[in-house]
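Open the model in your viewer and keep the sequence panel visible. The tour goes from one selection to the next.

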Amino acid sequence: MIYDVYMPVRCIYGKNAVTEKSELLASAGKKCLIVTGKSGAKKSGALDDAVNALDKEKISYEIYDGITENPLISSCWEAGKKARESGAEFILGIGGGSAQDASKAIAFYATNPEFRPVDIYGKDKGCIPPLPVILIGTTAGTGSEVTAVSVLTNDETGIKKSVKGPDCYASVSYCDPKYTYSLPYGYTVSTALDAFHHAVEGYFTTKCEGVERIYAEKAIQMLYSALKELSTSEEVSEELRDSLYYGSIYAGLVINTCGTAFPHPMGYVLTENFGVPHGTACAAFFTEYIERCVKFSPGKAADFFRMTDCESKVKELISSLVKLDDIKISPEAAHKYSARWENVIPGNFTASPGGLTREEAEKILLKFN
Ligand code: NAP
Ligand code: FE
């Protein structure tokens, strides 16, 4: 088998990366649009550091702070227009996966004035290359810093869908774990669950060998022990935060090559219909997922439990961190939610050990009945 690993992002790791390597901003242009959500970029200190670095490099900027969780294509379109009209030469995305993913899309809208919001999904049919994107992460979860993926919500359908491709990479990502220190406990847990799921879902795909397997094993070990510690106390030390952040980057490298499995698209249903944070929504299907891994990929499963604990303990830990008692899904609703997989079986289903059909997905959703 041939393994193809492509990850061209220049990653600057470590404390004070933005201030110490500000010259990389200057290499992207003289004017930028800063893209953030309402609060995370400010609370984390990343916005202040970025503005100081831009001032130092004599780069002018405007700010778009209208990105919400599970970013909407309409907001990205609006920000793209602002970038174009202001003459921005690059996009500087600061935040968690939402602001970072939005930045990748905004870069396309900025250079393609004829795009309607929905046209981002058809970018591969032909478009002008996007503006360069520079990212500063503030959550320890998605690994969007190193992935060629942007997960967007179509406001018309309410459905989350990814845009991907080599043109979706950031040119530079600043990876400084200190920006995650202000993340509240609840989001710390949900983003850690997302990172752990990336590592585990990627690990069990057939693409996860060689260097990817090393990244996956490292991420699984770092994130599993971090999740155990998170489950015992809401006090999160800086050391634990650093471990969560770097673990999330390793996990991002894994999904960038290996992709994710069925908990991701199934989790979208819980986010879209019940507002469950992304990582928690994926982890809601951990038990069903790991049971299939044990059944269809027993060798890797044995290695996985050697890196963590026995099957029952791993399941117990993840379920203790996923509290979704209020969610109710009737048989009719499960049928309706799974209709999106009727004719198009997502790659995430086929990449799961044993595969997954629409009917099986519908049955799994009924655990909430
Ligand atoms: P997020 O939606 O970016 O942020 C979650 C919340 O945390 C927001 O309310 C945000 O506030 C706040 N926040 C962020 N950083 C903070 C900080 N340092 N201090 C205080 N508050 C902070 O969460 P996420 O889990 O990182 O991203 C989830 C999105 O990424 C989903 O749409 C998911 O589908 C996608 N995703 C992408 C990839 C990929 O490869 N690209 C992979 C997995 C998931 P504000 O909004 O007010 O700033
Ligand atoms: Fe994810």
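A residue counts as buried when its relative accessible area is under 20%, as exposed when it is over 50%, and as partly exposed in between. Keep in mind throughout that this is a predicted model.

**Stop 1: two tyrosines**

Select Tyr 245. Its relative accessible area is 0%, so Tyr 245 is buried.

**Stop 2: the iron ion**

Select ligand 2, the iron ion. Which residues are its protein donors? They are Asp 194, through OD, and His 198, His 264 and His 278, each through NE2. These donors lie 2.1 to 2.2 Å from the iron ion. Along the sequence, the spacing of the donor residues is D-x3-H-x65-H-x13-H. Two of them, Asp 194 and His 264, are 70 residues apart and link distant parts of the chain: Asp 194 is in helix H7 (residues 185-203), while His 264 is in helix H10 (residues 263-274).

Why is the arrangement around the iron ion called irregular? The four donor atoms subtend angles of 79 to 165°. Four donors count as tetrahedral only if all angles lie between 85 and 135 degrees. The range of 79 to 165° makes the arrangement irregular.

Now check the accessibility of two donors. Asp 194 is buried because its relative accessibility is 3%. His 264 is buried as well, with a relative accessible area of 4%.

**Stop 3: aromatic rings**

Show the aromatic side chains. How many aromatic pairs does a search of the whole structure find? It finds 16. One to select is Phe 196 with Tyr 224, a tilted pair with 6.0 Å from centre to centre and 35° between the planes. This pair also links distant parts of the chain, with Phe 196 in helix H7 and Tyr 224 in helix H8 (residues 210-232), 28 residues apart. Phe 196 has a relative accessible area of 0% and is buried. Tyr 224 is buried too, at 3%.

Go back to Tyr 245 and add Tyr 246: the ring centres are 5.9 Å apart and the planes stand at 65°, so this pair is edge-to-face. Is Tyr 246 buried or partly exposed? Its relative accessibility is 24%, so Tyr 246 counts as partly exposed.

Next, select one aromatic cluster as a group: Phe 196, Tyr 203, Phe 204, Tyr 224, Phe 262, Phe 286, Tyr 289, Phe 304 and Phe 305. Then add Lys 300, which lies over the face of Tyr 203 at 5.2 Å from the ring centre. For another charge over a ring, select Lys 161 and Tyr 121: the charged end of Lys 161 sits 4.8 Å from the centre of the Tyr 121 ring.

**Stop 4: a serine in a loop**

Select Ser 352, in the loop between helix H16 (347-350) and helix H17 (358-365). With 2% relative accessibility, Ser 352 counts as buried. What does its side chain reach at 2.7 Å? It reaches the backbone oxygen of Asn 348. Leaving aside residues up to four places away in sequence, Ser 352 touches Ala 261, Phe 262 and Tyr 289. Phe 262 and Tyr 289 also belong to the aromatic cluster from the previous stop.

**Stop 5: a residue in a strand**

Finish at Ile 94, in strand E4 (residues 90-95). Ile 94 is buried, at 0% relative accessibility. Not counting residues up to four places away in sequence, its contacts include Ile 34, Val 35, Leu 47 and Ile 136. For a distance check, select Ser 27: it is 67 residues from Ile 94 in sequence and 18 Å away in space, C-alpha to C-alpha.

Notes. Residues are numbered from 1 along each chain as its sequence is written. Chains are lettered from A and ligands numbered from 1 in the order in which they are written. This is a predicted model: local features need pLDDT of at least 70, side-chain atom pairs count only at pLDDT 80 or more; totals for chains, interfaces and linings use all residues. Side-chain values use heavy atoms; hydrogens and water are left out. Donors are N, O and S atoms within 2.8 Å of the metal (3.2 Å for Na, K and Ca); water is not among the atoms, so sites may look incomplete. Four donors count as tetrahedral if all angles lie between 85 and 135 degrees; four count as square planar and six as octahedral if opposite donors are over 155 degrees apart and all others between 65 and 115; anything else is irregular. Helices (H or I, at least four residues) and strands (E, at least two) are DSSP runs, numbered from the N terminus. Buried means under 20% relative accessible area, exposed over 50%, partly exposed in between (1.4 Å probe, protein chains only). A polar contact is a pair of N or O atoms within 3.5 Å; within protein, one must be able to donate a hydrogen and the other to accept it, and residues adjacent in sequence count only if both atoms are side-chain atoms. Contact means heavy atoms within 4.5 Å. Rings of Phe, Tyr and Trp (its six-membered ring) pair if their centres lie within 6.5 Å; planes under 30 degrees apart count as stacked, over 60 as edge-to-face and the rest as tilted. A charge sits over a ring if NZ of Lys or CZ of Arg is within 6 Å of the ring centre and within 35 degrees of the ring normal.
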